[in-house]
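Here are a few exercises to work through with the model open in your viewer. Try each task before you read its solution.

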Number of protein chains: 2
Amino acid sequence: MPNTFLINTTNSPHSKLLPVAVSEVRITKGLLAERMRTIKEVTIPTQYELLEQTQRLFNFRRAAGKAQGDYFGFFFNDTDVYKWVEAASYSLMWEWDDQLDKLLDQVIEEIKSAQDEDGYLDTYFTFEKKKERWTNLKDMHELYCAGHLIQAGIAHHRATGKTNLLEVAIKFADHINSVFGPGKKEGTCGHPEIEMALVELFRETRDYKYLGLARFFIDERGKGLVGGDLYHIDHKPFRDLDEIVGHAVRSLYLNCGATDLYLEIGDRSILEALERLWHSFTERKMYITGGAGARYEGEAFGEDYELPNETAYAETCAAIASFMWNYRMLFAMPEGRFADIMEQTLYNGLLSGISLDGMHYFYVNPLSDNGKHRRQKWFACACCPPNIARLIASLPGYVYTKSYDGIWMHLYTENSAKIEWNNNVIELDVKTNYPWDGDINITVNSNAKFSLFLRIPGWVKEYSILVNNHEEKPEIINRYAKLERNWEKGDRVKLSLNMKPEVIISNPKVKDNVGRVAIKRGPIVYCIEQADNNFPIFDLEIDTEKELKSIYSENLKGLVVIKGKGYIPEKDIWEKNLYLPIEDLRLKRNEVEFTAIPYYAWANREQGPMQVWIRKA
Amino acid sequence: MPNTFLINTTNSPHSKLLPVAVSEVRITKGLLAERMRTIKEVTIPTQYELLEQTQRLFNFRRAAGKAQGDYFGFFFNDTDVYKWVEAASYSLMWEWDDQLDKLLDQVIEEIKSAQDEDGYLDTYFTFEKKKERWTNLKDMHELYCAGHLIQAGIAHHRATGKTNLLEVAIKFADHINSVFGPGKKEGTCGHPEIEMALVELFRETRDYKYLGLARFFIDERGKGLVGGDLYHIDHKPFRDLDEIVGHAVRSLYLNCGATDLYLEIGDRSILEALERLWHSFTERKMYITGGAGARYEGEAFGEDYELPNETAYAETCAAIASFMWNYRMLFAMPEGRFADIMEQTLYNGLLSGISLDGMHYFYVNPLSDNGKHRRQKWFACACCPPNIARLIASLPGYVYTKSYDGIWMHLYTENSAKIEWNNNVIELDVKTNYPWDGDINITVNSNAKFSLFLRIPGWVKEYSILVNNHEEKPEIINRYAKLERNWEKGDRVKLSLNMKPEVIISNPKVKDNVGRVAIKRGPIVYCIEQADNNFPIFDLEIDTEKELKSIYSENLKGLVVIKGKGYIPEKDIWEKNLYLPIEDLRLKRNEVEFTAIPYYAWANREQGPMQVWIRKA
């Protein structure tokens, strides 16, 4: 079995967890399985077509001298190809496909042909642009592109055992190492990404020069080499950061790389900065959907508590970056808070980035909309579509980790797993309708003494654990229930998480949410969309005293809708009045039943307004 | 008895009401009496000192050749002197004062000495600046200054019977008429004000050229002669306006002038424009305090429903202008809605413009503040201090109007009035603690057949009227109860307006007020100020289900405070959480009693935060 880890911390001295490989976990049924299947069957093939149609593959042929014409599109368009290769590789990890494997080899051949003798590879900086290589690290994304190439090369190698793309990546990495480093060229990338790629290349090759180069690129920040500003997260050395700022995707990718670096070198000042950034993000700058980046301007984080709904940026790539970062943080500190953010992000502001048909994408994920914002087939700057493809295709790798003393379950989804552990293979069979139901039934199909660590999500108020129908009250360590046992084949664990709809209020410092509530059930954030409701949804005021009912619906590929009560003011009452006694309004409103759907599923039907934060009556 | 009308519509063909003179009404006790007394005893004398100290009188002496040096301050500083003269004149109307009369004559002598042979008078445009006269009507306020001179001249004439200032004003008006008009110079003023002054000068002199000139200046708007923009209300002809826009004071002064013009010429297209502007203002752009102008930028009205609290501009002068405009609208349409706005503005966003000590002023009247915003002794641009002095000094003129069939009572305040009506004098004696109590006891001390029109305020839910202890159910015409009767000396009317504290909510389109409520009792809008409360007031959430208690307090010169219940979250609960289930919060908050005071009285004690719109629990 090839090593199909997402990040291979097997030998990382400061990692408290070990990864479980993508190919060790089969996600068999349910929401995530459906999304993965759509990625494989619809998204990956249609994106391949789009890479051709939009000349992204042409750029490689052109660079190789196999095609004539001008370079097409943005200077970082190579990354769309690399991310697609990565997505396709993950897909192969959990379901082999000869055709896709062959197609990958073709694409890799195109990539390889575009590489210079010296290893340099960026199809924009070819021919007359060759002389501009490495002259504008702040804006031109060469190292960012290299990072995605390296990640694709590693994923493809891990998926297939082949080295055809990994060799290209290594050749480029070696070239970069010949250019940059202490005593060589100063600089770092305006768009972080290469840092985590280089650490992983170190893990893949055990060649320390890549680790050194990753460290170099992180240590170069804050010297004013790439703008010296918040946008580029170049205003301070990384170790001094205490507030998450700047371009959200760059900021969160940088945190991924810094976490990877910490796991290898154990520098506490890096971990302390990461902790500060995590609190800054999750306690003051994160949307309830997990979305990151409040501002259109600079695609950036705003001030503390600046979280507008209608003009939320919350780029799909930023949600992906946060998910990847929180996963890495788990290895440094196996605490439920990180997996909570992964879950919150995945099921809301990340899954919202792709349509249910698998062919349309949100770049921006607002929490309130007049109905004009719709998913698109592609973008000129198409970072999000292949990014969400690679993330969803890699989901099996995020479900579990392991440690010297057992198996950790972070995400709940129906699956069967065969996990190499301590010279043994632990087989787990998990049946659940999660996230629609909080019952998780786990059958252990191996004889072994180990601890099963089950995450108790932060949103849970009541839960119970039965082992072979006997209630257990295990120790809870950092929000993981530790079931230490001499497991015998056929042992059954039932984790029941009480999953009822909850009314959520926001910190009052978030101005746009004052007087508003959101509805959440388990990890799912709900919204009201016009398609389900026969009143103007922006007029709704929720009665938070009335019961919220959860109803499973086959619509929208199957999900739980929530119904509740609210009020709609009589027509025209607000036409002629700016201010009214609350008593008057209470006499002039009609009770209505509203239907809310999971936020990720909005904008998959006819156009209409949508809102997450709804006024409270 | 001199004619001490504020606007003399006695002969205005399209006026449905006649004015009652300032000297016919003595406001004897209560909030307004106290404010008037302070204006006379503190504000007028201290402002005179400031006019000297800040070189505003020097500028006149300089222009007259009696003093040497540079012109001092803003180019419109003359108006501060004129408004002070107007204020002092109104004060004389209701309480003669030999010393003040003498001081006025001295000041008028200074003004007169500064006038050119040809009648021109503006101390900025003298000596080397003479050649710039009338060259920049958009920015340089010459006609605006002239308007205030004319208003001062009329008020002084009406107060004293003297013509020393009126003659100066007429001489300047004649000069202006020689320069501007059809076939003469095109143009109008960037800052409206002269329009209402000229109509009143017509009323004072019956010389139609002033009415013609007022009409000319209004008809010149919208031709692009003064910017052609919203700010100067020059984007459209006045008759085509349908949205209140631009600099709030300019816009509302222009409406005063246009209303005055309508009362004389009866042009329906003007009245229709005024109606549209009134609805635009009161239904979409007015603060609950009556404040006008949402934006610092341009001191201007914002978009519909753009009514931020912390950054509200709501200039004191704009509240005054709205009060003056709504008074004029009453004469065109005797409907309670106009007097409602007068009352709402007077007791809240207008009275807030001056400190209880009568010596400190707000230029800007926010509805939420961190405690940094304090009243100042004076301003470089000091339009507001003498403006509020003249408005408060003229209050007796706003209480009543009359019509061919009776006496109209618009504002309730303790007073005794002797009103010339139909060759008779109607004596009314009004006892009330209004606005702290809704009982108004009126004794008619004359024998006459007339109708007493009593305004039933828009905020009233229940009221009763007793005449000589017998309940009456009179006809209500446009919110005025019409008591038609052969009145006999000693007849007593008791109007009881049920005055209980009310919780007010805002149109949900006002984003900043979503989830917030205001407290109002009768015409008074309340705020919570830190000085009265031992918890951080911005943390308060009001429980709108709990009773609000009204308690009379001798503090702050006597007023009714309101006490109610609310909640303060446990310390730190929002330090680490962006989002919480509402149930969790409800378990982690403490009930508190809060005290609210009338908005106008805030910032008269130690510094501290203040808020009108308070979060609802």
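**Exercise 1: the two copies**

Of the residues of chain B, Gly515(B) comes closest to the rotation axis, with its C-alpha at 1.6 Å. Keep in mind that this is a predicted model.

Task: work out what kind of axis relates chain B to chain A.

Solution. Start with the superposition: a turn of 180 degrees and a shift of 0.0 Å along the axis lay chain B on chain A, with an RMSD of 0.0 Å. That is the relation of a two-fold axis. Next, look at the interface: 100% of the interface residues of chain B are interface residues in chain A too, so the copies meet through the same surface. As for confidence, the model scores ipTM 0.94 and pTM 0.92.

**Exercise 2: one serine**

Task: decide whether Ser269(B) is buried or exposed.

Solution. First find the residue: Ser269(B) sits in helix 10 of chain B, which covers residues 268-284. Now count neighbours: 12 other C-beta atoms lie within 10 Å of Ser269(B). The cut-off for exposed is 12 or fewer, so Ser269(B) is exposed. While you're there, check Arg239(B): 30 residues away along the chain, its C-alpha is 5.7 Å from that of Ser269(B).

**Exercise 3: a helix under cover**

Task: find out how many residues of helix 13 of chain A are buried, and what covers them.

Solution. Run through the helix, residues 384-393: 10 of the 10 are buried, so helix 13 of chain A is largely enclosed by the rest of the structure. The buried set includes Cys384(A), Pro385(A) and Pro386(A) as well as Asn387(A) and Arg390(A). Then look for the cover, which includes helix 1 (31-53), helix 3 (78-94), helix 11 (316-332) and helix 12 (336-350) of chain A.

**Exercise 4: where two domains touch**

Task: describe the side of domain 1 of chain A that touches domain 2 of chain A.

Solution. Get the bounds first: chain A is assigned domain 1 (18-401), domain 2 (404-497) and domain 3 (512-616). The centres of domain 1 and domain 2 of chain A, over C-alpha atoms, are 31 Å apart. At the contact, 25 residues of domain 1 of chain A meet 23 of domain 2 of chain A. On the domain 1 side, strand 2 (25-27), helix 1, helix 12, helix 14 (396-399) and strand 4 (400-403) of chain A each supply at least two residues. Helix 12 of chain A gives the largest share, 7 residues. Sort that side by type and you get 14 nonpolar, 4 polar and 7 charged residues.

How values were computed: Residues are numbered from 1 along each chain as its sequence is written. Chains are lettered from A and ligands numbered from 1 in the order in which they are written. This is a predicted model: local features need pLDDT of at least 70, side-chain atom pairs count only at pLDDT 80 or more; totals for chains, interfaces and linings use all residues. Copies are superposed by least squares on the C-alpha atoms of residues with pLDDT of at least 70 in both. Two residues are in contact if their C-beta atoms, placed from the backbone, lie within 7 Å. Helices (H or I, at least four residues) and strands (E, at least two) are DSSP runs, numbered from the N terminus. A residue is buried if 20 or more other C-beta atoms lie within 10 Å of its own, exposed if 12 or fewer, and partly exposed in between; C-beta atoms are placed from the backbone. Domain bounds come from an automatic or database domain assignment. Ala, Val, Leu, Ile, Met, Phe, Trp, Tyr, Cys and Pro count as nonpolar, Asp, Glu, Lys and Arg as charged, and the others, Gly among them, as polar.
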